[in-house]
Amino acid sequence: MRTTARPVTTEDARWMDHALRLGRRALGTTAENPNVGCVIVREGRLLGVGWTQPGGRPHAETVALAMAGEAARGATAYVTLEPCAHHGKTGPCAEALVAAGIARVVTALQDPDPRVSGGGHAILRRAGIAVETGIGMEQARRDMAGFLTRVTKARPQVILKMALSADHKIAGGVGQRTAISGAEAKARVHLLRAQCDAILVGLGTVLADDPELTCRLVGLEHRSPIPFVMSRSGDLPPGSRLAQRGAEVLRGSVAEVLAGLGRRGINRLMVEGGARVARSFLEARAVDQFHLIRAGGTLGPQGVDALAGLTLDKALQPFAVLEQEKLGSDLLTVYEARE
């Protein structure tokens, strides 16, 4: 990858940050495409903004160019991922930028998709457009980790979420539905659901809790992820909420399940439990982010161990703390897998 040949200016960093924030709006809505953001700027004036639309198209550049119109000629486009270079259901975004008369393109990342992989940048350079890459790279990698993981590892990014009592329990007893976290933490979980393409639980969780696994934030109900249930042999109870949602039962190892979801174009998979499923993903080293909510109360020795016998200290060894946030009386810690 050819990176920028000149120092990053405050102006470049500011506009790329704007594009990255736009791209994050599309998290969980664009599979199998990436969640890209784009802004078009000339002489410090914002002319157009765009992010990948639901279902993966129109692409961010197309939306931003349509807003900018003729004013895009001679402007700079800040795009969080290399513009596409291949013909699919739509034409290449790189060619659209050329046709619009864009003078300079600043990107955060080169697209690892073999259909692009430097080809978009090459189209731009051949047209005489100045191209600079690598600005906002680290944040872009995190924002588009779902797409990048699927393209490079042939599986979705896996985000494991768990809520634990202070004594590392997830329920007051076997088969008991137990509220662990408070309202603020629950709202954050629903936001995370809205930002994921699919959600998975084990059959035991279905039998114990009969969950819906939907996003219930006002205005984001349509962003509920596709539900899946992992089971070795059992089937969904016909009257369960997930059966009514049309949830599919997946069988096989963790690797087999993830490979199958990758082939379907799933970028971001949220795993919500229960204990055995969480342990299986952790032991398979298949968890990319671990969102751990710690509550202050205890449930006692009769409570259900969070990780089916795997200690939390051991489970967290492959991870580093990415961020922490107080949510009411609960503490959310986001861990990221070390390379």
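**Linings and cysteines in a predicted model**

Trainee: How do the residues of the lining of the largest cavity divide into nonpolar, polar and charged?

Mentor: The model is predicted, with local features needing pLDDT of at least 70, side-chain atom pairs pLDDT 80 or more, and totals for chains, interfaces and linings using all residues. Residues are numbered from 1 along each chain, and side-chain values use heavy atoms, without hydrogens or water. The largest cavity (1 Å grid points where a 1.4 Å probe fits but cannot get out; lining atoms within 4 Å) has 13 lining residues, with G28, T30, N35, N267 and R268 nearest its centre. They divide into four nonpolar (Ala, Val, Leu, Ile, Met, Phe, Trp, Tyr, Cys, Pro), six polar (the others, including Gly) and three charged (Asp, Glu, Lys, Arg).

Trainee: How many disulfides does a search of the whole structure find?

Mentor: A disulfide requires two cysteine sulfur atoms within 2.5 Å. The sulfur of C38 has its closest cysteine sulfur in C93, at 8.6 Å, so that pair is too far apart for a bond. For C215, the closest cysteine sulfur belongs to C196 and lies 11 Å away, which is also too far. The search of the whole structure therefore yields a disulfide count of zero.

Trainee: Which residues lie nearest the centre of the second largest pocket?

Mentor: A pocket is an open set with protein on both sides within 12 Å along at least five of seven lines. The lining of the second largest pocket divides into 13 nonpolar, five polar and twelve charged residues. Of its 30 lining residues, those nearest the centre are K153, D288, E336, A337 and E339.

Trainee: How many charged residues does the lining of the largest pocket hold?

Mentor: That lining includes 21 nonpolar residues and 14 polar ones. Its charged residues number twelve.
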